[in-house]
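Thanks for making the time this morning. I would like to walk you through a handful of local features, so please have the sequence and the coordinates open as I talk.

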Amino acid sequence: MSDWLYSDIVKDHFTNPRNVLLEDEVSFAPDAKGQTGNIKCGDQMLMLLKIKDDIITDVRWKTYGCASAIASTSMLSETIKGMKIEDAYKIRPEDLVAKLGGLPSFKIHCSVLGDKALREAINNYLDKTGRSGIFKEETVIICNCLGITDKDIETAFQNGARSWEQLQQATKIGTVCGGCKEKAVELLHGFEHIYGE
C-alpha cells in the first residue's frame, strides 16, 4: 500500500470512529435530527443529538462518505459532547481539520458534512422548542476585495452557479484581484457534495 495521506489522528478516527449509530441501536432516542448531503454524490450525513438544558449530552451519526468525512465527523462527535448548543453551532470545518492534524487539500470539502448536519440538528431542536432562528451561522469572507462570503457563494450555488465563470456572473467575485479563486472553487466543489446535482 502506498503512503497514507492522512495523519495518525485521522487514521484512528477513520478505523475506529466514535459515536456511530449502530444498525441495532434502537434505544437511542434523539431530541434533534439533522441530515445533509446527497447520496448521488456519495456523501450523506445523519446527525442525532440528545440535549438537556441546551447541552449536548450524547450524539450518534451515520454517513455514506470517504475517510475524511468519517474521521471529521467522529472528531466532531467527540468535540460536541458536553458542549452548549450555542457553542456547538459555531464549530467550523477548519476547527475539525486542525484537531485532526490536517487533511489533504483535495479532501477538505469532505469535512463540511458533519458541521452542516450538526447545525441542521440544532435548528431542528430549536424549532421543536419554539426558538427557531435564534442562532445565526457565522460567515467567512472569501473575497476581501468585494466582501463576498461563503454564504454568498452557497446561495449562488443554490441558484445554479457551478463554475468559476458562473460564480463570477452571480457575485462579481474575483473581478478585482482574483486571489480568492482557489478558495471559491473549493467551496463550489464542497457544495456539490452537500447538495448534489
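Let me begin with Thr-57, which sits in strand S3, residues 55–64, where strands are DSSP runs of E with at least two residues, helices are runs of H or I with at least four, and both are numbered from the N terminus. Before going on, I should say that this is a predicted model, in which local features need pLDDT of at least 70 and side-chain atom pairs count only at pLDDT 80 or more, while totals for chains, interfaces and linings use all residues. Residues are numbered from 1 along each chain as its sequence is written, and side-chain values use heavy atoms, with hydrogens and water left out.

Thr-57 has a relative accessible area of 45% and is therefore partly exposed, since buried means under 20%, exposed over 50%, and partly exposed in between, with a 1.4 Å probe and protein chains only. Not counting residues up to four places away in sequence, Thr-57 touches Lys-50, Ile-51 and Lys-52, contact being heavy atoms within 4.5 Å. The C-alpha atom of Thr-57 is also separated by 5.5 Å from that of Gly-82, 25 residues apart along the chain.

Next, two charged side chains. Is Arg-92, in the loop between helix H3 (85–89) and helix H4 (93–99), buried or exposed? Its relative accessibility is 12%, so Arg-92 counts as buried. The side chain of Arg-92 makes a polar contact of 2.8 Å with the side chain of Asp-150; such a contact is a pair of N or O atoms within 3.5 Å, where, within protein, one must be able to donate a hydrogen and the other to accept it, and residues adjacent in sequence count only if both atoms are side-chain atoms. Lys-116, in helix H5 (residues 112–128), is likewise buried, with a relative accessible area of 12%, and its contacts beyond four places in sequence include Glu-137 and Glu-154.

That brings us to helix H6, residues 150–158, in which Asp-150, Ile-153, Glu-154, Ala-156 and Phe-157 are buried. These residues cover an arc of only 160 degrees around the axis, taken from the directions from the helix axis to the C-beta atoms, which puts them on the same side of H6. At the N-terminal end, Thr-149 caps H6, with a side-chain oxygen 3.2 Å from the backbone nitrogen of Lys-151, and after H6 comes Gly-160, whose phi is positive, near 115 degrees.
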